[in-house]
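Visitor: Hi! Could you walk me through this one? I'm new to reading structures.
Guide: Happy to, let's bring it up.

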Amino acid sequence: MSFTFEERGNPNTPSYRLFFKNADGKYVSPFHDIPIYADESQNLFNMVVEVPRWTNAKMEIATKDPLNPIKQDVKKGKLRYVANVFPHKGYIWNYGAIPQTWEDPGHKDVDTGCCGDNDPIDVCEIGSQVCLRGEVIKIKVLGVLAMIDEGETDWKVMAINVADPEAKDLNNISDVERLKPGFLEATVDWFRRYKVPDGKPENQFAFNGEFKDKDFAIETIKSTHDFWKALISQKTNAGELNCKNTCVSGGDSPFSISVDEAKAVVEETCPCGTGDPIPCSVDKWFYYEKLAVDDLFENTNQFASGIKHNWQKKGPVTIKKRIVDPRTDIS
Ligand SMILES: [Mg+2]
């Protein structure tokens with residue numbers, strides 16, 4: 001099944017939207033209508049690319065808007081761009097989500113001890129190609145990282161585009177370490193610190209920040225698919241989520257809407273117009289000092305719990321001390 005997208009509004013402004021269409025030209029929700037599986041017998045999943053590698057705009061499926069277009073996250077009235085924490089630039093993978101999955105905020109995960117983040121499950125695609133925003137690709141799952149973001153479970157699935165020339169050589173998480181040395185460590189580092197320039201604490205991880213393998217990842221994805229099934233059939237309260245769809249279960253979902261209603265949703269937005277430039281401030285690099293284990297001991301009371309897990313296992317990898325105040329520094 002192939003999907004296309006249609007951009008609306010003005011790029012790099014709050015009016016920008018990216019809507020999805022199926023092969024019949026029918027508008028669909030990327031959250032609910034695009035199937036989870038590209039090939040169930042081979043455990044191949046679909047991934048909706050929200051953020052192409054090396055870009056910074058925090059684009060995501062708008063779970064609370066009708067038809068769930070991709071739009072840029074807005075914080076305090078400003079478009080959100082992730083900060084570049086040295087040596088990273090933007091997202092270091094193609095980043096996106098698996099459709100028809102949901103991390104249920106009413107379900108406490110046994111491994112993380114935290115409830116879901118109310119979003120579809122996130123994916124980091126590590127292939128050689130830079131994907132397009134809105135592309136729907138087939139992925140092979142390789143593993144998963146259990147991130148805990150401000151008390152919420154936020155799984156990060158590691159995967160590779162099946163169409164990537166390297167895909168045949170990557171079949172599990174150990175292959176990533178073998179063929180792309182440093183990438184997994186960089187991934188944990190990225191997720192740990194990416195919100196620090198915005199004044200947020202470092203993120204924490206279950207399993208000492210170690211990746212679980214392919215089988216564990218597939219089971220995790222399947223459990224989030226079960227939560228989504230309960231959501232779309234109204235067995236779980238959707239809260240503010242918008243579950244309107246045009247294709248689920250041949251139209252017998254309680255949230256099913258007609259082709260014309262879906263078209264009207266898109267037509268309520270402005271046609272694609274002239275965009276604004278991306279602000280230069282987005283290119284800034286932020287630097288942090290790595291402290292030794294002894295310093296960590298001395299400073300333990302300043303830091304959130306869970307840090308000890310990381311250095312006990314892996315050594316002094318945690319970066320603790322901010323040496324530049326990012327948003328006030330003008331250098
Ligand atoms: Mg998430």
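Visitor: Does Tyr-287 count as buried, partly exposed or exposed, and why? What makes it so?
Guide: Tyr-287 counts as partly exposed, because its relative accessibility is 37% and the partly exposed class runs between 20% and 50%. Keep in mind that this is a predicted model.

Visitor: Where does Tyr-287 sit along the chain?
Guide: Tyr-287 is in the loop between strand E17 (285–286) and strand E18 (288–290).

Visitor: And which residues make the nonpolar surface patch with Tyr-287?
Guide: Phe-86 and Trp-285 join Tyr-287 there, and the patch covers about 290 Å².

Visitor: New topic: which residues are the protein donors of the magnesium ion?
Guide: Asp-117, Asp-122 and Asp-154, each through an OD atom, lying 2.2 to 2.3 Å from the ion. Along the chain, the donors follow the spacing D-x4-D-x31-D. Asp-117 and Asp-154 link distant parts of the chain, 37 residues apart. Asp-117 lies in the loop between strand E12 (115–116) and strand E13 (122–125), while Asp-154 belongs to strand E15 (residues 152–161).

Visitor: Is Asp-117 buried or exposed? What about Asp-154, buried or exposed?
Guide: Asp-117 is buried, since its relative accessible area is 11%, and buried means under 20%. Asp-154 is buried too, at 6%.

Visitor: Zooming out, how many helices and strands does the chain have?
Guide: There are 6 helices and 19 strands. Of the chain's 331 residues, 52% count as buried.

Visitor: And what is the accessible surface of the chain?
Guide: About 15,300 Å², with 50% of that belonging to carbon and sulfur atoms.

Methods: Residues numbered from 1 in each chain as written. Predicted model: local features only at pLDDT ≥ 70, side-chain atom pairs only at ≥ 80, totals over all residues. Heavy atoms only, no water. Patch = residues over 30% accessible without salt bridge, like charges linked within 9 Å, V, L, I, M, F, W, Y side chains within 5 Å. Areas by Shrake-Rupley, 256 points an atom, 1.4 Å probe, with all protein chains shown as cover. Salt bridge = Lys/Arg side-chain N within 4 Å of Asp/Glu carboxyl O. Helix = DSSP H or I, 4+ residues; strand = E, 2+ residues; numbered from the N terminus. Buried < 20%, exposed > 50% of the residue type's maximum accessible area, 1.4 Å probe, protein only. Donors = N, O, S within 2.8 Å, 3.2 Å for Na, K, Ca; no water.
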